[in-house]
Amino acid sequence: MRGHAFALGASCAALLFLRSSWAVAAPSTIHEIKLQAGHVAMDGPASKLELTDGVELQVHRYRLTADHLTLERTPRGIVVDGQGQVAFCPCGSPPIRFGFSRATVAPPTDLLLTNATLRLVGVPVFYTPWLWLRSPNRTGLLPPHFAWRARDGAWAGSGFHLPLSTRSDPSPEFLDVNLGGYLKGGVDLGAQLSTTRTTSALRWDWLEHGFFVADAHGSVASGDGLSLAWRVDALRGRRGLVGPVSFQTATRRYDRARVEATLSGTGAMLSLGGRADAVRGGPYGEFGVVGPTARLGAGTALGEFGTADSSTTLLSRVAGVAPTAPVDGGSSLTPQLRHEGHFGLVAHPGPASLEFRAVEQWLLGSDGGGSFSAARLGSAVVAGLPIRRVWQGSSQPWSHWIEPKTQLQGAVQAGPGLASPLVGQVPVERDGRWQPVGLAALGLSSRLGKLGTEQAYALEGWTAELVRNEGKSQLIWSRLSASGRWWGLGGELGWVQGSGGFSTARSRLGRADRLALVTRLEGQASVGVRDARWLSGENWGGWNRRYFDGPGWTGGGDLLWAVTGQLATFAGLDYDLTSRERLSERLGLSYRHPCGCLSVSALGARRAARDGTDAWVVLDLMP
């Protein structure tokens, strides 16, 4: 029996707040719905509505439209009966809709459709008897993925989304499990774990041959000073360097793995852990140089003017399973004991600044060729005169900080070629004679910025004379960074007499949100440019910290063009300037609907050592 019936004008809308009148028996309730119809009839005690004549129903992120719908309140949510369509945005002509014959809106934001038909710009392109659209904080299936992976051929996949939080808004804590397969008969399995303290991604791919990728980092800590941290960056397997991975992943030289448990408190710390280093892309069973580590450190502040700290590290590594193992195939145990001590004072006599640093480093170790040792003792004095000026006259004034500096530095060292990251990578220097080295430098530090904005410009440059046993050489080093609306710079540039130059420079010309050209230049003329570390503030970092693995130059760039507010494209290239070889090429196009309901991205890429072109399209519904 029909209860209360009433009619509304065509332009009149009814707003029902389900929190009070239509609460459903579920863990959480739908907060509100908005409906509009030419005629609304109510059946029973407000538990069922019949809507006709231009029906439009908006529930959370979904907008349902139809000529005739029936709404019924149930313990599972709101059941909608009738032929209709659902969109994910409020715009009048959404590019994507789903047709349905029955729908259930379940808390918090789930939508279950019966006889669902996907329509692109009004044209039906896909049908499924049932479709379940889930909240990002509920367990569900991931959207399907499709790609063409060079000579590997067609690939398709999907996966599971497992949220790790019960928050109502999208949470950064989740586990995604990806399942994919090749048309030729291979598999691609992966998992991504994301929490507030860690991000981990694992992937195994097999097609005739396999590879495994791991990229994980994170930490956990307790309130009593105990913490555990780890970092893994590895690509293993016969197909690793030529498989479907990014250009950056494939071109890294080494696999790294670190884990460390630390107990700290009252100015001291003790840590135990392990590490592994291997040549990238090696077989599964070759773990490289592996071994346990132990570290003991202590430090303290010397009032308001200085610091002192000491650190002793014990490394015991086995290199017999590494690609750089001895020729006879036997294992090689390489224990090393390192100690570093630092002492620093800072004073401000009048308008000037004065800094004093003293450093001592020791290294004791052994390998298949016997024992070796190395040491470095030194100190440095840096004096500067900082000057600051502020230009008033606006709510966002400009500020300029400029500081001329002088630096005098001296040290004696023995065995400077020690401590290669991989045993066998660099011959061990066994000359234990002490060698003096000195440096006198002039520098200038300048920072200019507009307060309260992103506009900032910084430049630090040094010129120096380096004195060693083999003679004198001049050094020039600069670090620059700039952030403006139309251009930007960043990186390091340097030159060492007799060795050549080096660069880690980046630049941007244009606006990133309109039209911009981003370029980069990396490389060094020879390994001798590591002497420039004496000017970069990292001269005491250790014997094996170099800018690059070897001589050579690479360059690259990306052209970014935002054609309209919704359409953007980019093109990129990486090039080996030394061997005159193209390393990677990429071209992409992306579109975002004006109301933000969806985005479509297409990308094609080629890279060295991988035969063919990779291409894929990503469709993302963004409610």
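The side chains of D277 and R256 meet in a salt bridge at 2.5 Å, N to O (a side-chain nitrogen of Lys or Arg within 4 Å of a carboxyl oxygen of Asp or Glu). D277 lies in strand 19 (residues 268-279) and R256 in strand 18, so this pair ties together parts 21 residues apart in sequence. Strands here are DSSP runs of E, at least two residues long, numbered from the N terminus.

The model is predicted: local features need pLDDT of at least 70, side-chain atom pairs count only at pLDDT 80 or more, and totals for chains, interfaces and linings use all residues. Residues are numbered from 1 along each chain as its sequence is written, and side-chain values use heavy atoms, with hydrogens and water left out.

**Salt bridges**

- D277 is buried, with a relative accessible area of 1%. Its partner R256 is partly exposed, at 30%. Buried means under 20% relative accessible area, exposed means over 50%, and partly exposed is in between (1.4 Å probe, protein chains only).
- Salt bridges that share partners join R149, D152, D188, R203, D205, R239, R610 and D614 into one network.
- The count of salt bridges comes to 30.
- R102 and D81 form one of these contacts between side chains, at 2.7 Å from N to O. R102 sits in strand 8 and D81 in strand 7, so the pair links distant parts of the chain, 21 residues apart.
- R102 is partly exposed, with a relative accessible area of 33%. D81 is partly exposed too, at 29%.
- D255 and R236 also meet in a salt bridge, at 2.8 Å from N to O. D255 belongs to strand 18 and R236 to strand 17 (residues 226-236), and 19 residues separate them in sequence.
- Both D255 and R236 are buried.**Nonpolar cores**

- The largest nonpolar core has 33 residues, and among them L71 and V80 touch the most other members. A nonpolar core is a set of buried Ala, Val, Leu, Ile, Met, Phe, Trp, Tyr and Cys residues joined through side-chain atoms within 4.5 Å.
- Seven strands each supply at least two residues of this core: strand 3 (33-36), strand 4 (39-43), strand 5 (48-59), strand 6 (62-74), strand 7 (77-87), strand 8 (96-106) and strand 9 (110-120).
- Another core lies apart from it. This second core has 14 residues, including V437, W477, V496 and V529.

**Two buried positions**

- A103 is placed in strand 8. With 1% relative accessibility, A103 counts as buried.
- A103 touches L64, I78, V79, V80, L111, L112 and L113, leaving aside residues up to four places away in sequence. A contact means heavy atoms within 4.5 Å.
- A103 and L131 are 28 residues apart in sequence. Their C-alpha atoms are 9.5 Å apart in space.
- T262 lies in strand 18, which covers residues 254-265. T262 counts as buried because its relative accessibility is 13%.
- T262 touches G225, L226, S227, M269, L270 and S271, again not counting residues up to four places away in sequence.

**Surface patch**

- L141, F160, L162, L179, V187, L189, W204, W206 and Y284 form a nonpolar patch on the surface. Together they have about 810 Å² of accessible area.
- The elements that give two or more residues to the patch are strand 12 (153-163), strand 14 (187-194) and strand 15 (198-207).
- Patches are made of residues with over 30% relative accessible area and no salt bridge. Like charges are joined within 9 Å, and nonpolar side chains (Val, Leu, Ile, Met, Phe, Trp, Tyr) within 5 Å. Accessible areas come from the Shrake-Rupley method with a 1.4 Å probe, and for residues only the protein chains shown count as cover.
- W204, a member of the patch, is found in strand 15. W204 counts as partly exposed because its relative accessibility is 34%.

**Strand pairing**

- Strand 25 (residues 387-391) and strand 26 (residues 398-414) run antiparallel and are joined by 5 bridges. Two strands pair if DSSP finds at least two bridges between them.
- R389 has H400 of strand 26 as its bridge partner.
- Strands 25 and 26 form a hairpin, with 6 residues between them. G393 in the turn has a positive phi of about 115°.
- Strand 26 also pairs with strand 27 (residues 435-450), in the antiparallel sense, over 16 bridges. I402 stands opposite S446 in strand 27.

Methods: Helices (H or I, at least four residues) and strands (E, at least two) are DSSP runs, numbered from the N terminus.
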